[in-house]
Amino acid sequence: MNTKSQELFERARQVIPGGVNSPVRACKSVGCDPLFVARAKGSRLWSVDGQELIDFVMSWGPLLLGHCDPEVTAAVHRAADLGSSFGAPCEGEVGLAEAVRAALPSMDMVRMVSSGTEATMSALRLARAYTSRDQMVKFHGCYHGHADSFLASAGSGLLTLSIPGTPGVPADTVKDTLLADYNDLTNVEALFKEKGQGIACVIVEPVAGNMGLVLPKKGFLKGLRDLCTQYGALLIFDEVITGFRLGLSGAQGKYGIVPDLTTLGKIIGGGLPVGAYGGRREIMQRIAPSGDVYQAGTLSGNPLAMAAGIATLSKLATLDYAALEARTLAFATEMKAVLEGKGLPVSLTHIASMFTLFFTETPVKDFATAKTTNADLYSTFYAGMRKNGVNLAPSAYECAFTSFAHSDADLDQTLEAARKVAF
Ligand SMILES: *Cc1c(COP(=O)(O)O)cnc(C)c1O
């Protein structure tokens, strides 16, 4: 007998490519079918078949307050009653921009968009316009959304020769995308030595969250800052995950580095579609209509999304990040011990409310070591945890996210579920 999830997936596959609107949701890489979700509250979600799961995906990061936070939900309801979209400025846009600037002083000015992808794509255009240069340095294993220029892979031969990472991206579009290794400053230095006068920007996830969690080596971010300054390139911190997750001031606050531009998304929308980019006033003023760099959006600064963002940021400002970080570390460390108790090799990375358990003996410090994780073991772990009522990311190369809604009882129950998984 088919479950309702399976029936929906079958229907979805007739009308939606692969049955999903974002590829990783299909759970292909862990060999499962997706769970269709009916509702969610706090740390938990319920499938359309009524299964209750403790969630560590949290919509891939946005829900630091947990699902369906009462204050955020009330703010969205209030906004919806006043109109869902005006195509004209509204007060919420000003409020959210002010809240962002108050938390992240490097962002003198902020432009709202509707996704992280739009934020990075627009920041890149702005950096190119501002520097009158075309090239960009990005790092293997870092993800900056699905705009063409970012979807580059390493070509054969020269490390610096990029090829499209997907069909549909012209080779010409990624010829200006220079790839470097995360945490390898020598590599970036060499690129600047060779092409420094043509490099508009370096874009980096200051804490990498899209190859599993990989922390920046001591001196790496500072080194990028110095190289950018020396060569007149802009440093873009893609804080779409880390913004408001590592703390109110993001990775830039935590590591004390001032980027020229910052991109945000995920948490600042409180679960609604929001992205933002911002930075130094003189750079941001190049954006139309105060400047000549075109960027626009029908639903940008949407009043519902602004209300959700403002409610989220105001509540976060009252919460204890350090306590959540300590609880998350204790939990992840215990989870590692449970898995090691089963004779499995585990390498744990952790910061704030995010962590990754890599199934490898190799300490994970960069993309190459992240790739040593045993994806088959992860698939077994994923399926076993899902059966036992825990929703993990359906890929071995992702972070797990805790939230302020995860109670000690939730974490204990998750460890109990892990003890029962047979490998
Ligand atoms: C999720 C993510 C993006 C893309 O954001 P979307 O809202 O999915 O377009 C960009 N950068 C980073 C670091 C991300 O994690």
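In the predicted model, an N or O atom in the side chain of Asn210 lies 3.1 Å from an oxygen atom of the ligand. Lys266 also reaches the ligand through its side chain, with an N or O atom 2.7 Å from a ligand oxygen. Gly116 contributes a backbone N or O atom, 2.9 Å from an oxygen atom of the ligand. The protein buries 83% of the 380 Å² that the ligand exposes when taken alone (Shrake-Rupley areas, 1.4 Å probe).

The residues around the ligand (a heavy atom within 4 Å of it) include Ser115, Gly116, Thr117, Asn210 and Lys266. Tyr143, His144 and Gly145 are also among them, as are Glu205, Asp238, Val240 and Ile241. By class, this shell holds three nonpolar, six polar and three charged residues. Asp, Glu, Lys and Arg count as charged; Ala, Val, Leu, Ile, Met, Phe, Trp, Tyr, Cys and Pro count as nonpolar; the others, Gly among them, are polar.

His67 sits in the loop between β3 (52-55) and α2 (70-81). Helices (H or I, at least four residues) and strands (E, at least two) are DSSP runs, numbered from the N terminus. His67 is buried, at 10% relative accessible area (buried: under 20%, 1.4 Å probe, protein chains only). Its contacts (heavy atoms within 4.5 Å), not counting residues up to four places away in sequence, include Ala40, Lys41, Gly42, Ser43, Arg44, Leu45 and Met58. Asp55 is touched as well, and the two side chains, of His67 and Asp55, make a polar contact at 2.7 Å. Such a contact pairs N or O atoms within 3.5 Å; within protein, one must be able to donate a hydrogen and the other to accept it, and residues adjacent in sequence count only if both atoms are side-chain atoms.

Residues are numbered from 1 along each chain as its sequence is written, and side-chain values use heavy atoms, without hydrogens and water. As the model is predicted, local features need pLDDT of at least 70 and side-chain atom pairs count only at pLDDT 80 or more, while totals for chains, interfaces and linings use all residues.

Notes:
Buried means under 20% relative accessible area, exposed over 50%, partly exposed in between (1.4 Å probe, protein chains only).
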